[in-house]
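Welcome, and thanks for opening the viewer. Switch to a cartoon view, keep the selection tool handy, and follow along stop by stop.

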Amino acid sequence: MNPAKLNSRIIIQQKTSQTDGEGITKVVWDEFITIWAGKKPLNGREFFAAGAENAENVVRYEVRYRTDIRTDMRIIDQGRVLDITSVQEDPYENRTRTHLMAKEGPLNA
């Protein structure tokens, strides 16, 4: 894996819940980890294979091999919020990289 291709700094956030002073529980997003990633454009076949619609902005990120990223997390990339839809932990079966498929959702609360 060429480290020069990991040229985007992204933040992975995880959903947690907090209870305020009145006992009301609300969902908040906490920073899980900040890592370097490479953005990969999707060609037409990958775009439709991902189950994407034309109106969605689907991005594939390539990061160093990790096993702790899940689909209930989200990505912050230069202020953009993307929901992780798929995680391929070891696509080449050599423990060098992980692929994250993400899309910008209409409601990223």
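## Stop 1: Strands S4 and S5

S4 and S5 run antiparallel and are joined by four bridges. Bear in mind as you look around that this is a predicted model.

Select residues 73–77, which make up strand S4, and then residues 80–88, which make up S5. Look for Asp 77: its bridge partner in S5 is Arg 80. The hairpin of S4 and S5 has two residues between the strands, and in it Gln 78 takes a positive phi near 50 degrees.

Now stay on S4 and show its side chains. Are they buried or exposed? Five of the five residues in S4 are buried. In a regular strand, side chains alternate between the two faces of the sheet. In S4, one side carries Met 73, Ile 75 and Asp 77, the other carries Arg 74 and Ile 76, and all of them are buried.

## Stop 2: Across to S1

Next, select residues 8–19. This is strand S1, which runs antiparallel to S4 and is joined to it by four bridges. Find Ile 12 here, and opposite it you will see Ile 75 in S4.

Which residues does Ile 12 contact, leaving aside its neighbours within four places in sequence? Among them are Phe 32, Ile 33, Ile 35, Met 73, Ile 75, Ile 84 and Leu 100. Asp 30 and Glu 31 are also in contact with Ile 12.

## Stop 3: The whole barrel

Zoom out now and colour the strands one by one. In what order do the six strands close into a barrel? Follow S1-S2-S3-S6-S5-S4, with antiparallel pairing. From one strand to the next, the twist averages 45 degrees.

## Stop 4: S3 and its two partners

Select residues 58–64 for strand S3 and residues 25–40 for strand S2; three bridges join these antiparallel strands. One pair to pick out is Lys 39 with its bridge partner in S3, Tyr 61.

Now add residues 97–103, which form strand S6. How many bridges join S3 to S6? There are seven, and these two strands also run antiparallel. Val 58 stands opposite Lys 103 in S6. Take a moment to see how covered S3 is: six of its seven residues are buried.

## Stop 5: Inside the core

Hide the cartoon for a moment and show the nonpolar side chains. The largest nonpolar core has 14 residues, and those touching the most other members are Ile 10, Ile 12, Tyr 61, Ile 75 and Leu 100. You have already met Ile 12 and Ile 75 as opposite residues in S1 and S4, and Tyr 61 as the partner of Lys 39.

Which elements give two or more residues to this core? They are S1, S2, S3, S4, S5 and S6. S3 gives the most, with three residues.

## Stop 6: Pairs of opposite charge

For the last stop, turn to the charged side chains. Side chains of opposite charge can pair when their charged atoms come close. A search of the whole structure finds five salt bridges, and here are some to select.

- **Arg 97 and Glu 62.** Their side chains meet in a salt bridge, at 3.6 Å from N to O. Arg 97 lies in S6 and Glu 62 in S3, so this pair ties together parts that are 35 residues apart in sequence. Are these two buried or exposed? Arg 97 is buried, with a relative accessible area of 17%, and Glu 62 is buried too, at 6%.
- **Arg 80 and Glu 104.** This salt bridge spans 3.3 Å from N to O. It links distant parts of the chain, as Arg 80 is in S5 and Glu 104 is in the segment after S6, 24 residues apart. Arg 80 is partly exposed at 26% relative accessibility, and Glu 104 is partly exposed at 31%.
- **Arg 66 and Asp 68.** Here the side chains meet at 2.7 Å, N to O. Arg 66 counts as partly exposed, at 22% relative accessibility, and Asp 68 also counts as partly exposed, at 28%.

To finish, bring the cartoon back and trace the barrel once more, in the order S1-S2-S3-S6-S5-S4.

Conventions. Residues numbered from 1 in each chain as written. Predicted model: local features only at pLDDT ≥ 70, side-chain atom pairs only at ≥ 80, totals over all residues. Heavy atoms only, no water. Pairing = 2+ DSSP bridges. Axes fitted to C-alpha atoms, helices over the stretch in contact; angles between N-to-C directions. Salt bridge = Lys/Arg side-chain N within 4 Å of Asp/Glu carboxyl O. Buried < 20%, exposed > 50% of the residue type's maximum accessible area, 1.4 Å probe, protein only. Core = buried A, V, L, I, M, F, W, Y, C linked by side-chain atoms within 4.5 Å. Contact = heavy atoms within 4.5 Å.
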